[in-house]
Amino acid sequence: MTNGIQSETIDLDGLTTVEDFFNALKKANVDVEGGFTADGKGLQVISRLSGVGLSIAENGGTNAAGLGLQTFSGSTQLSSLDNGKGVPVEGPSEFDLIRRDGTEASISLAGAKTVQDVVDKINAIDPGVLVASFNTTGNGLILSDSSGTGALTVAENAITSALKISGTENGNANLEGTNVGAESALDLLTSLNDGAGVPVGASTLDITRRDGSVVNVDLSAALTVQDVLDAVNAVDPGNLVMTHSSVTESFQLNDNSGTGSLTVADNVVSTALGIAGSEDGVVDLAGTDPNPQRSTGLLDLMFRLRDALETGNNQELEVISGALKSEFEDFNFLRGDVGGRLQSLDRYANKLADEDIQIQESLAEVFDTDMTEAITQFANLQVTIQAAQQIAAQTLQLNLFNYL
């Protein structure tokens, strides 16, 4: 998972629930949040950063696709790549490349709708030799060519820029040696391997080249690291090349004789030089992720607008113009929605204020009584009731004899 300049591998080992996965995302600390899609049937990962891309890729397995979170795959629509500008497969540009044998190829991608369509069209040119595939670790396309030993070059144009696969890969991979303490080309062989040295007279350095031929390099007269380099590089100058790295304190071997495996036989000399082993072939031309997901919204559009203005990218400016128009429409809709909600809140506030007044009046009638006035009124009522009772009593006692 890559979010801007932050990158982290999410370890799913031992996770059993979706909540465990969300917790793993938080632990990774790459400014993302896990959640569910609107219909509640899928997972989604949202970036908290504006102005950068979020990529979710495999790490040699299928977990990203299994979770439905992989941001680039064969089913990805070409129209969604390059920040929504898409891949202009119907335009005048073609997928142009110079192969390792020096031949040129122009591949028409007309009619392609998905990334898998692009891969299929490339693989149909020279099946099994020119091969396009998907990166197994990280996102992007991989282009390999076993037609020769030269450089593999993909010309930069609108199509290859959108697919993020333009560039040059110079040839065969190096056979990388291990650290033997070779800090300088002037170091004595006897000082390598913590003073154990290199028994150069015990055997030859046996190399099986990429074209299948075998060379046996005699190092019996070598005294320094530079002597070893000179002896190997004299076999086939410019094609079989041994170099030395003062950073890794090791040897590297490169061979452009063919496309097969480059192998150094394991013996006391090659082991002491740290160069025993095998390297299987050429270095593939690896592209980068052409479909990073960005956080939507005005802030992200402002970042994109800044970048487009700095680079003079008119096509990006056109896309941003349309996106800003859509964003303003959404903003006006949301502003109207918020206004309606505020009116509702005002009505509820007024209603609550009226009810509060009524409650306060009711409470005041009970708890805010003037006791002096109340006692006076109570006394008057008692006198009135007493007088009424006396008059009633006298009236009830009247009979016929009172009138005789």
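Reader: Which residue is the bridge partner of Asn3 in β2?
Author: Gln6 is the bridge partner of Asn3 there. Keep in mind that this is a predicted model.

Reader: How many bridges join β1 to β2, and which way do the strands run?
Author: Two bridges join them, and the strands run antiparallel. Strand β1 covers residues 2–3.

Reader: What sheet do they belong to, and in what order do the strands come?
Author: They sit in an open sheet of four strands. The order is β2-β1-β5-β20, with antiparallel pairing.

Reader: Which strands stand at the edges?
Author: β2 (6–7) and β20 (293–294) do. Each has a single partner strand, so one side of each is left without a neighbour in the sheet.

Reader: Let's zoom out. How many helices and strands does the chain have?
Author: The chain has nine helices and 20 strands.

Reader: Compact globule or more spread out?
Author: More spread out. The radius of gyration is 42 Å, while the globule rule gives 22 Å for 404 residues, so the chain does not match a compact globule. Along the principal axes, the C-alpha atoms fill a box of roughly 165 × 60 × 40 Å.

Reader: What percentage of the residues is buried?
Author: Buried residues make up 32% of the 404. The chain exposes about 23,300 Å². Carbon and sulfur atoms supply 53% of that area.

Reader: And contacts between residues at least 6 apart in sequence? What percentage join residues at least 24 apart?
Author: That figure is 57%.

Reader: Charges next. How many positive and how many negative?
Author: There are 20 positive and 56 negative charges in the chain. Their mean positions are 9 Å apart.

Reader: Switching to Ala132. Where is that residue?
Author: Ala132 is in strand β8, which spans residues 130–134.

Reader: Buried or exposed?
Author: Ala132 is buried. Its relative accessible area is 6%, and buried means under 20%, so Ala132 meets the cut-off.

Reader: What does Ala132 touch?
Author: Leaving out residues up to four places away in sequence, Ala132 touches Val119, Ile122, Asn123, Ile142 and Leu143. Take Val119: it is 13 residues from Ala132 along the chain, and their C-alpha atoms are separated by 5.5 Å.

Reader: Now the hairpin. How many residues lie between β13 and β14?
Author: Five residues lie between them. Gly212 is in the turn and has a positive phi of about 95°.

Reader: How many bridges join β13 to β14?
Author: Four bridges, with the strands running antiparallel. Strand β13 covers residues 205–208. One of the pairs is Ile207 with Val215 of β14.

Reader: Which β14 side chains are buried?
Author: Val215 and Val217 are buried and point to one face. Val214 and Asn216 point to the other face and are not buried. The side chains alternate along β14, residues 214–217.

Reader: Gly212 has a positive phi. What about Lys164, what is its phi?
Author: Phi of Lys164 is near 55°, a positive value in a residue other than glycine. Lys164 lies in the loop between α4 (158–163) and β11 (167–169). Lys164 is partly exposed, with a relative accessible area of 31%.

Reader: And Glu249, where does that residue lie?
Author: Glu249 lies in the loop between β15 (240–245) and β16 (250–255). Phi of Glu249 is also positive, near 55°.

Note on methods. Residues numbered from 1 in each chain as written. Predicted model: local features only at pLDDT ≥ 70, side-chain atom pairs only at ≥ 80, totals over all residues. Heavy atoms only, no water. Rg over C-alpha atoms; globule rule 2.2 N^0.38 Å. Buried < 20%, exposed > 50% of the residue type's maximum accessible area, 1.4 Å probe, protein only. Contact = heavy atoms within 4.5 Å. Areas by Shrake-Rupley, 256 points an atom, 1.4 Å probe, with all protein chains shown as cover. Lys, Arg positive; Asp, Glu negative; His and termini not counted. Charge placed at Lys NZ, Arg CZ, Asp CG, Glu CD. Pairing = 2+ DSSP bridges.
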